[in-house]
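Here's a walk through one structure, going from a buried charge to the ligand and on to the aromatic rings. Keep the viewer open while you read.

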Amino acid sequence: MTATTTGSPARAGATLGEDALAALRQSVRGRVAVAGSEDYEQARTVWNAMIDRRPAVAVRCAGAADVRNAIQFAREKDLALAVRGGGHNIAGNAVCDGGLQIDLSLMKSVRIDPVRRTARVEPGVTLGEFDREAQAFGLATPLGINSTTGVAGLTLGGGFGWLSRAYGLSIDNLRSADVVTAAGELVTASASENADLFWGLRGGGGNFGVVTSFEFDLHPIGPTVLAGLVIHPLDAAKDVLRFKREFVAKAPDNFVCWFVLRQAPPLPFLPPEWHGKEILALAMCYAGDIAEGERIAKPLREFGKPIADIVGPMPYTAWQTVLDPLLTPGSRNYWKSHDFAALSDGLSDVLIDYARRIPDPQTEIACAQLGGAVSRVPRTATAYNHRDGQYVMNVHGRWDDPAKDEACIAWARSLWQAAAPFATGSVYVNFLTQEEGGRVREAYGENFERLVALKNKYDPKNVFGVNQNIQPTV
Ligand SMILES: Cc1cc2nc3c(=O)[nH]c(=O)nc-3n(C[C@H](O)[C@H](O)[C@H](O)COP(=O)(O)OP(=O)(O)OC[C@H]3O[C@@H](n4cnc5c(N)ncnc54)[C@H](O)[C@@H]3O)c2cc1C
C-alpha cells in the first residue's frame, strides 16, 4: 500500500493511506488529486511563482457537498486546510505544504438576473468571467483590475477597482453568501440571516468558512466607458501628481485615476525611444456618459507634455483586461503595501526617488485611488476597516530570475520603509505577503477584537488557519 505523507507545520504527522484516499474519492463528486497527476499540479500552482507548496491531497470540488466532505475529512485526519478560489493571493494562502487543499476553481457558474440586477457567482469564477456574463446585460459590480483574479478571495478581503469610488467595494455590493462552516453546516449569511457572519465575511477573508456561492448587486455600466492611459516622463511626475491630486479632489465619484511608476514597456503606443525609460502612467476611467467623461477628463489629460494619451471610449470588458499582459501568472512576486490619506509632495518625492532605481522592468509602484462611496460606509459596518484611505500603494516587486530575489525584495522593503511616515498605518489584507501575518491586526484596526470573537464562535479550533489568520482565543 502506498501512502501520502502530510508535512504541514501546523498539523504534522498524519499519513494518508490508499484506503483513506479511496474513501475520500468516493465521498466527492469532483476530483481528488495527489502528487504525480496533472490535476494536482493545476491545483497547487498559483499566480505567484515564489510559492511552491505541496499539499498531501487536493480536492477539486464540484459543489457545496464536496466542500463539506473535504472539511470533514481534513478534521478527521487532523490535516491543515487551505482554500483556493482564483489562486491569486500573493501570500500563496490558496495552497499549503502537506494537508488538504480545497480547490474551488472548477466551480464556475455565474447566473445573472437582469431584472433584479443581481448575480449568483460560484467561488471558482474569475473577474473576467463574471464581467463577461454581467456585461452581456450592460451590468457590472466593482471588482479588481486584473481579469484572472478570483472573485472569491478578492471579495472576502474587500475588493476594489475602477467602479469602487462610484459603487463601493465588492463587499458593499454583496447581498448574501452560502458558507460551509468549520462544523460542516451550510448556512446563508446576509443582512437578515447570520448577520454576524455576514459582517465578518465582508473583509475577514477565509477565516470563518468556505463560501460556495456569492450573491451580488449589479449596476448599469457601459458597455462602453471612457478609459485609458496618459503617460508622462518620470521627470514630470512631481508636477503631474500635484495637479492630479487637486484635480481628483474635485472630480465626481464615477471618475477615477490610479497611477503607476515603472519603466515603459515596449508597447506600440509608446514611442520606441521611451521603451525601458522611467515613466508615470495615469490610468483613468469614467463610468458614465462618454461626452461628459471627455469633458471631465480634459484638464487632466492636457496637463503637461504627455508622451502618449490613449484615453478613449472602449468596452468596459476590454478596460478590465487592459493590464493583464503586465500581470501574467508565473513570475516571481513580492509586494509591500501602505494606505495613504493623502498624496503629499513628500510622498511623491519618495515614490519618484525609488522609481528611478526600479530593479526590474516588470517591477512597478502602483497607487489605487479610493474614497467616494468606499469612504461613505462606516468603518465598523463591515470587517474591512480602512475606509478613510484615499490611496492604496502596492509595490509590485516582480521579476523572473531567482538570482534577483534578494535585490528586488530589498528594494521593495526599503521603499516601504521610506514611505511609512506618510502612511495611515492600516493595510489591505489582500495585499499582505506570507511574512506579514503580524500585520493582520493593522488590517482590521478597531474591528479586530470583534473578528476574534466571531472566530471563537465559528471556528474555535482554527480549522481555517491557512490565511491571513485571525487566531481564536478559546
Ligand atoms: C495581479 C493581481 C491584481 C490584483 N488586483 C486587485 C485589485 O484590483 N483589487 C483588489 O481588491 N485586489 C486585487 N488583488 C488582490 C486579490 O484581491 C487577492 O490576491 C485575492 O486573495 C485573490 O483572490 P483569489 O480567489 O484569486 O485568491 P486565492 O489565492 O485563491 O484565495 C485567497 C484566499 O482567500 C480565501 N478564499 C478564497 N476562496 C475562498 C472561498 N470560497 N471561501 C473562503 N475563503 C476563500 C482563502 O483564505 C485563500 O487563501 C490583485 C492580485 C493580483 C495577484
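Glu364 has a relative accessible area of 8% in this predicted model, and since the cut-off for buried is under 20%, Glu364 counts as buried. Glu364 belongs to strand β20, which covers residues 364-369. So who does that side chain talk to? Which residues share side-chain polar contacts with Glu364? One is Arg262, whose side chain joins that of Glu364 through a polar contact of 2.6 Å. Another is His396, with a side-chain polar contact of 2.8 Å to Glu364.

Now for the ligand. The shell around the ligand holds 34 residues, and Gly85, Gly86, Gly87, Phe160 and Tyr428 come nearest. Here are some short distances between protein N or O atoms and the ligand's oxygen atoms:

| Residue | Protein atom | Distance to a ligand oxygen atom |
|---|---|---|
| Gly85 | backbone N or O | 2.7 Å |
| Gly153 | backbone N or O | 3.0 Å |
| Asn430 | side-chain N or O | 3.1 Å |

How much of the ligand's accessible area does the protein cover? On its own the ligand has 950 Å² of accessible area, and the protein covers 98% of that. As for where the shell comes from, β5 (81-84), α5 (151-157) and β12 (210-217) are the elements that give two or more residues to it. Helix α5 makes the largest contribution, with four residues. Sorted by character, the shell splits into 17 nonpolar residues, 16 polar ones and one charged.

While you're on α5, have a look at Leu156, which lies in that helix. Is Leu156 buried or exposed? Its relative accessibility is 9%, so Leu156 counts as buried. Leu156 also has a partner from elsewhere in the chain: Gly203 is 47 residues away in sequence, yet the two C-alpha atoms are 5.1 Å apart in space.

On to the rings. A pair of aromatic rings is described by the distance of the centres and the angle of the planes. Searching the whole structure turns up 16 aromatic pairs. One of them is Trp47 with Trp335, an edge-to-face pair with 6.0 Å centre to centre and 65° between the planes. Why does this pair tie together parts that are far along the chain from each other, 288 residues apart in sequence? Because Trp47 sits in the loop between α2 (38-44) and β4 (57-60), while Trp335 sits in strand β19 (residues 332-340). Trp47 and Trp335 are both buried.

Phe214 and Phe216 make a stacked pair, also with 6.0 Å centre to centre, but with 15° between the planes. Both Phe214 and Phe216 are buried.

Zooming out a bit, Trp47 and Trp335 are members of one aromatic cluster, which also takes in Phe160, Trp162, Trp258, Trp319, Tyr384, Tyr428 and Phe431. Two of those names should ring a bell: Phe160 and Tyr428 are among the residues that come nearest to the ligand.

Finally, a couple of charges over rings. The charged end of Arg357 sits over the ring of Tyr354, 4.3 Å from the ring centre. Lys277 lies over the face of Trp274, with 5.9 Å to the ring centre.

How values were computed. Residues numbered from 1 in each chain as written. Predicted model: local features only at pLDDT ≥ 70, side-chain atom pairs only at ≥ 80, totals over all residues. Heavy atoms only, no water. Phe/Tyr/Trp six-rings, centres within 6.5 Å; stacked < 30°, edge-to-face > 60°. Buried < 20%, exposed > 50% of the residue type's maximum accessible area, 1.4 Å probe, protein only. Lys NZ or Arg CZ within 6 Å of the ring centre and 35° of its normal. Near = heavy atom within 4 Å. Polar contact = N/O pair within 3.5 Å; in protein donor to acceptor, adjacent residues only side chain to side chain. Areas by Shrake-Rupley, 256 points an atom, 1.4 Å probe, with all protein chains shown as cover. Nonpolar A, V, L, I, M, F, W, Y, C, P; charged D, E, K, R; others polar.
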